[in-house]
Amino acid sequence: GRPGHGPRAMTMWDDSGSDEDEMDPEEHMRMEALCRAFEDLCHELRFHQKEWCLRNPSYRYKGPAPLHMADRLEALARDVRSFAEEDSDLALQMAAEVRADHLAAQVEAARLREVEARVEETERRRRAEVEARREVERRKEREEQARLAEDARRAAGIRRASDEERDASRGPSVQFLAKRERARLEAEKLPTLFDLDALPDEVAGAVLRQMGAYELAATACCNKRFRDLARTDDALWRRLQLTSGRHPRWRVDGSWREAFFAGAEKIDANWRRGKFRRLEHRLHSEYTACVAMRGDLGCSGSADHDLAIFGLPPRARGTPLQGVGLLWERQIGRCVGHGEPVTCCKLAGGDGDDAFSSPTLALSGTAKGEMRVWSLSQMPTCPWRAEEDETWG
């Protein structure tokens, strides 16, 4: 327990064999100072004794006693030894206990660090195993997607071959042949302004490339030579497909003509019949405040302080997923730099007369008046960049 609360707490007073009045005053003052120092040191040690702090709530445990307290106890023992050897031994014993407690605390701290290191290593190995399993699952999923895509392509080829074979086996009907013959006879009666067959192939091709989709179809129906030229001029169908923003923006079976008819038969027909489904795209972590479109390219500003550049069909050609289908929407780029929510945005630059031309600039602003101009020249905003070596005619 803690020594007494007065200078007589140390036993040196009892070992002197004389009264207080017979002692030298300076010696008496020195003994009182040593007693007070010993008492204060014992009082400080109470804050480093866990059991004492648990029994006395007024003392808050401060951890193991530091080594400098052992040094102070040893110095006090040396000063007291000339007066009372028992008190000196007591101080030395307390110093030894302090050093032992400090050493035990260091050993326990080292043990805890070792345990924490083992736990962290175990957790790291567990995360590595989980990541390895996820990578295996992702690889299997990619292989499954590739297999499904290949199966879908083969099935489409089989259906197309079956449809062509069925159409070839049917042949034109008698009513159709009679109607076509009557139309031919009526056309022969019309006056001829100029002979289309006399035009060179280069001139005729240039004329066809200036036509729209419906004009080209009508011309091909009334002139066999123009129909043959249109069938063999793949650049003509590429121009129609890309300038009108039609789907798909890539070759089908190696031909732009097949791509044009695939879009006409499927996409356009589904739009006319109302056969479509809504898809939700998420490019921001906060709500979207503004959206701007240029053809199939768009930008959106959000409260997360970012401006996202994204592509819509047919630009963002996706990959088929099991149970999902094609993933159309794709993020092309991200403009980061605003310090406030983006409230307005616009795409600019490029060919202003062409609604489907690729923009070269993006403008964005915040509610506090900050405005930024972003250059899109380094972004892959052109969906047919790989086809630049071909001519449009």
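The following paragraphs lead through a predicted model, from its nonpolar cores to its paired strands and a patch on its surface.

A general tendency is a useful starting point: in soluble globular proteins, nonpolar side chains tend to be buried together. In this model, the largest nonpolar core has 19 residues. Within this core, Phe38, Leu45, Leu73, Met94 and Val98 have the most contacts. Two or more residues of the core come from each of the elements α2 (25-46), α4 (67-80) and α5 (85-170). Met94 may serve as an example: when its neighbours within four places in sequence are left aside, Met94 is in contact with Phe38, Cys42, Leu45 and Leu73. Another core, made of 15 residues, lies apart from the largest one. Its members include Leu297, Leu307, Ala362 and Leu376.

The strands come next. Strand β1 (residues 288-294) and strand β2 (residues 297-302) pair in the antiparallel sense, and six bridges join them. Arg294 has Leu297, in β2, as its bridge partner; Leu297 is also among the residues of the core of 15. The hairpin of β1 and β2 has two residues between the strands, and in this hairpin Gly295 takes a positive phi near 65°.

Arg294 also leads to a distant part of the sequence. Ser358 and Arg294 are 64 residues apart along the chain, and their C-alpha atoms are separated by 7.7 Å. Ser358 is placed in the loop between β7 (342-348) and β8. Is Ser358 buried or exposed? Its relative accessibility is 18%, and because buried means under 20%, Ser358 counts as buried.

After this loop, a second hairpin can be followed. Strand β8 (residues 361-366) pairs with β9 in the antiparallel sense, over five bridges. One of the residues involved is Gly365, whose bridge partner in β9 is Met371. Four residues lie between the strands of this hairpin, where Gly369 takes a positive phi near 95°.

Which residues make a nonpolar patch on the surface? Leu361, Met371 and Val373 do so, and the patch has an area of about 290 Å². Val373 is located in strand β9 (residues 371-375). Because its relative accessibility is 54%, Val373 counts as exposed. On strands in general, in a regular strand the side chains alternate between the two faces of the sheet. Met371 thus appears twice in this description: as the bridge partner of Gly365 and as a member of the nonpolar surface patch.

How values were computed:
Residues numbered from 1 in each chain as written. Predicted model: local features only at pLDDT ≥ 70, side-chain atom pairs only at ≥ 80, totals over all residues. Heavy atoms only, no water. Patch = residues over 30% accessible without salt bridge, like charges linked within 9 Å, V, L, I, M, F, W, Y side chains within 5 Å. Areas by Shrake-Rupley, 256 points an atom, 1.4 Å probe, with all protein chains shown as cover. Salt bridge = Lys/Arg side-chain N within 4 Å of Asp/Glu carboxyl O. Buried < 20%, exposed > 50% of the residue type's maximum accessible area, 1.4 Å probe, protein only. Pairing = 2+ DSSP bridges. Core = buried A, V, L, I, M, F, W, Y, C linked by side-chain atoms within 4.5 Å. Contact = heavy atoms within 4.5 Å.
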